[in-house]
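Trainee: Please choose one part of this model and take me through it closely, together with what lies around it. I would like one connected account, with the reasoning spelled out where there is any.

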Amino acid sequence: MESLPSTAAAFGRGELSYSKVRALSRIATTQTEEDLLVMAAHETGAGVDRIVAGVRSALDTAESE
């Protein structure tokens with residue numbers, strides 16, 4: 001979480017659940033963290049998981065091409 005300080009702070013304040021933080025940590029970078037936090041604030045934990053799975057799938061496809 002050292003590389004995602006805003007995510008860690010939101011988790012510490014109770015604004016994000018553990019499941020959301022776990023999912024976000026799989027794809028977040030310092031460049032995407034703030035946008036992902038906005039999305040996570042408006043999604044359920046399951047919704048964040050679905051979005052993260054889609055992003056990971058798209059990234060895997062792009063890497064294989």
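Mentor: Helices are taken as DSSP runs of H or I that hold at least four residues, and they are numbered from the N terminus. The structure is a predicted model, and the part I would choose is α3, which spans residues 33-41.

Let us begin with its inward side, where Glu 33, Leu 36, Leu 37, Met 39 and Ala 40 are the buried residues of α3. Looking down the axis of the helix, one finds these buried residues within an arc of 160°, so they line one face of α3. This can be set beside a general point of helix geometry: an α-helix has 3.6 residues a turn, so residues three or four places apart point the same way. The face of α3 turned away from this buried side carries Asp 35, Val 38 and Ala 41, which are exposed.

As for what lies over the buried residues of α3, the cover includes α1, α2 and α4. Taking α1 (residues 5-12) as the partner to begin with, it packs against α3 at an angle of about 30°, and the two axes are 9 Å apart. Since an angle under 35 degrees counts as roughly parallel, that makes α1 roughly parallel to α3. On the α1 side the contact is made by Pro 5, Ser 6 and Thr 7, and on the α3 side by Glu 33, Glu 34 and Leu 37.

The buried side of α3 also leads into the largest nonpolar core, a set of 14 residues in which Leu 16, Leu 24, Leu 36, Met 39, Ala 40, Val 48 and Val 52 have the most contacts. Two or more residues of this core come from each of α2 (18-24), α3 and α4 (45-64), and α3 supplies the largest share, with 4 residues. In soluble globular proteins, nonpolar side chains tend to be buried together.

Following the chain onward from α3, one meets His 42 in the loop between α3 and α4, and this residue is exposed, with a relative accessible area of 66%. From His 42 to Thr 30 there are 12 residues in sequence and 20 Å in space, C-alpha to C-alpha.

Beyond that loop, the end C-alpha atoms of α4 lie 29 Å apart, which agrees with the 28 Å that its 20 residues should span at 1.5 Å a residue. Within α4, the residues Gly 47, Val 48 and Val 52 are buried, and because they cover an arc of only 130° around the axis, they sit on the same side of α4. Their cover includes α2 and α3, while Arg 50, Asp 60 and Ser 64 are exposed on the other side of α4. For Val 52 in particular, if neighbours within four places in sequence are left aside, the contacts are with Ala 23, Leu 24, Arg 26 and Ile 27. Returning to α3 itself, the picture is of a helix with its buried residues along one face and with α1, α2 and α4 among what covers them.

Notes
Residues numbered from 1 in each chain as written. Predicted model: local features only at pLDDT ≥ 70, side-chain atom pairs only at ≥ 80, totals over all residues. Heavy atoms only, no water. Core = buried A, V, L, I, M, F, W, Y, C linked by side-chain atoms within 4.5 Å. Buried < 20%, exposed > 50% of the residue type's maximum accessible area, 1.4 Å probe, protein only. Contact = heavy atoms within 4.5 Å. Expected span 1.5 Å × (residues − 1). Arc of directions from axis to C-beta. Axes fitted to C-alpha atoms, helices over the stretch in contact; angles between N-to-C directions. Parallel < 35°, antiparallel > 145°, perpendicular 65-115°, else oblique.
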